[in-house]
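User: Please take a close look at one helix of this chain, together with what covers it and what follows it. I would like the answer to begin with the chain as a whole and to end with the places where the backbone is out of the ordinary.

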Amino acid sequence: MIAIVKYNAGNIRSVQNALTRLGYKSVITDNPAEIKAADKVIFPGVGEASSAMRYLKERKLDELLVSLQQPVLGICLGLQLMCTSSEEGNTKCLGIFEAQAKQFPPKEKVPHMGWNNFSELKSAEILKNITLNNDVYYVHGYYAEVCKNTLATCNYILPFSSIMQRDNFYAMQFHPEKSANVGEELLKNFLTL
């Protein structure tokens, strides 16, 4: 079973629908026992960092998430909350990735919205069959700095972390569930880890 973490952040149903299309069963939950027992955990989200972290802390899900041993995938806000901190609401985050989530400078249109490709890719199991030419779908006004946990970068105003990994923790700044065949491939790669 795949647990999709419910934590006061939107866009969770579209992730569940994508999993269903791929033939996987999932449950949307903030129940620690269900999350801990899941084969895989997905931590998606669209929303605001400080209110999302408050929800996690109130339910002690912040402590649970960092202790998980199974593969965990953060999506969009989920990636940012897996960083050390976020400039959004001056928020202390989970600290899984050694990067800060920062606000894009207003040099171009913000949020970064739409299709964009990768500017750099490292070799990793989750990136199987993925190339620099592949486009994925973004909607975000904050980004994670490029750091040692970065597997893939994207350029918009500046280079930022598009895909990150540390041990069993993975994250994508874009929305794989809205990224057509490429997003489907990335989700399959995660689900078969």
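Analyst: For a chain of 193 residues, a compact globule would have a radius of gyration near 16 Å, and the 15 Å of this predicted model agrees with that expectation. The C-alpha trace spans about 45 × 35 × 25 Å along its principal axes, and 54% of the 193 residues count as buried. Among the contacts with a separation of 6 or more, 68% are made by residues 24 or more positions apart. The secondary structure consists of six helices and 14 strands. The accessible surface comes to about 8,600 Å², with 46% of it belonging to carbon and sulfur atoms, while the mean positions of the 20 positive and the 19 negative charges lie 3 Å apart.

The helix I take for the close look is α3, which runs over residues 49–58. Its buried residues are Ala49, Ala52, Met53, Tyr55 and Leu56. Seen down the axis of α3, these buried residues fall within an arc of 155°, so they line one face of the helix. The spacing can be read against a general rule: an α-helix has 3.6 residues a turn, so residues three or four places apart point the same way. The cover over the buried residues of α3 includes both strands and helices, namely β3 (40–43), α4 (61–67), α5 (77–81), β5 (85–86) and β6 (91–92).

At the end of α3 the chain enters the loop between α3 and α4, where Arg59 is placed. Arg59 has a relative accessible area of 33% and is therefore partly exposed. Its C-alpha lies 8.6 Å from that of Pro32, although Arg59 and Pro32 are 27 residues apart in sequence. Lys60, which follows α3, has a positive phi near 60°.

Two of the elements that cover α3 lead on to other parts of the chain. One of them is α5, since the loop between β4 and α5 holds Cys76. With a relative accessibility of 5%, Cys76 counts as buried. Leaving aside neighbours within four places in sequence, Cys76 is in contact with Gly45, Val139, Met172, Gln173, Phe174 and His175. The C-alpha atoms of Cys76 and Gly47 are 9.2 Å apart in space, with their positions 29 residues apart in sequence.

The other is β3, which is part of the cover of α3 and also part of the cover of α1. Helix α1 covers residues 12–21, and its buried residues are Ile12, Val15, Gln16, Ala18 and Leu19. Seen down the axis of α1, they fall within an arc of 155°, so they too line one face of their helix. The face of α1 turned away from that buried side carries the exposed residues Arg13, Thr20 and Arg21. Besides β3, what covers the buried residues of α1 includes β1 (2–5), β2 (26–29), β4 (72–75) and α6.

Just after α1, Gly23 takes a positive phi of about 90°, and Tyr24 is found in the loop between α1 and β2. Tyr24 is partly exposed, with a relative accessible area of 28%. Not counting residues up to four places away in sequence, Tyr24 touches Ile2, Leu19, Leu191 and Thr192, and Leu19 is one of the buried residues of α1. The C-alpha atoms of Tyr24 and Leu193 are separated by 14 Å, while the two residues are 169 residues apart along the chain.

There remain the places where the backbone is out of the ordinary. Most residues other than glycine have a negative phi, and most peptide bonds are trans. Asn90, in the loop between β5 and β6, has a positive phi near 45°, and its relative accessibility of 72% makes Asn90 count as exposed. β5 and β6 are both among the elements that cover α3. Ala180, found in helix α6 (residues 180–191), has a positive phi near 50°, and at 54% relative accessibility Ala180 likewise counts as exposed. Lastly, the peptide bond from Val110 to Pro111 is cis, with omega near 10°, and Pro111 is found in the loop between β7 (100–103) and β8 (112–117).

Technical notes. Residues are numbered from 1 along each chain as its sequence is written. This is a predicted model: local features need pLDDT of at least 70, side-chain atom pairs count only at pLDDT 80 or more; totals for chains, interfaces and linings use all residues. Side-chain values use heavy atoms; hydrogens and water are left out. Buried means under 20% relative accessible area, exposed over 50%, partly exposed in between (1.4 Å probe, protein chains only). Helices (H or I, at least four residues) and strands (E, at least two) are DSSP runs, numbered from the N terminus. The arc is that of the directions from the helix axis to the C-beta atoms. Contact means heavy atoms within 4.5 Å. The radius of gyration is taken over C-alpha atoms; the globule rule is 2.2 Å times the number of residues to the power 0.38. Accessible areas come from the Shrake-Rupley method with a 1.4 Å probe; for residues, only the protein chains shown count as cover. Lys and Arg count as positive and Asp and Glu as negative; His and the chain ends are not counted. The place of a charge is taken as NZ of Lys, CZ of Arg, CG of Asp or CD of Glu.
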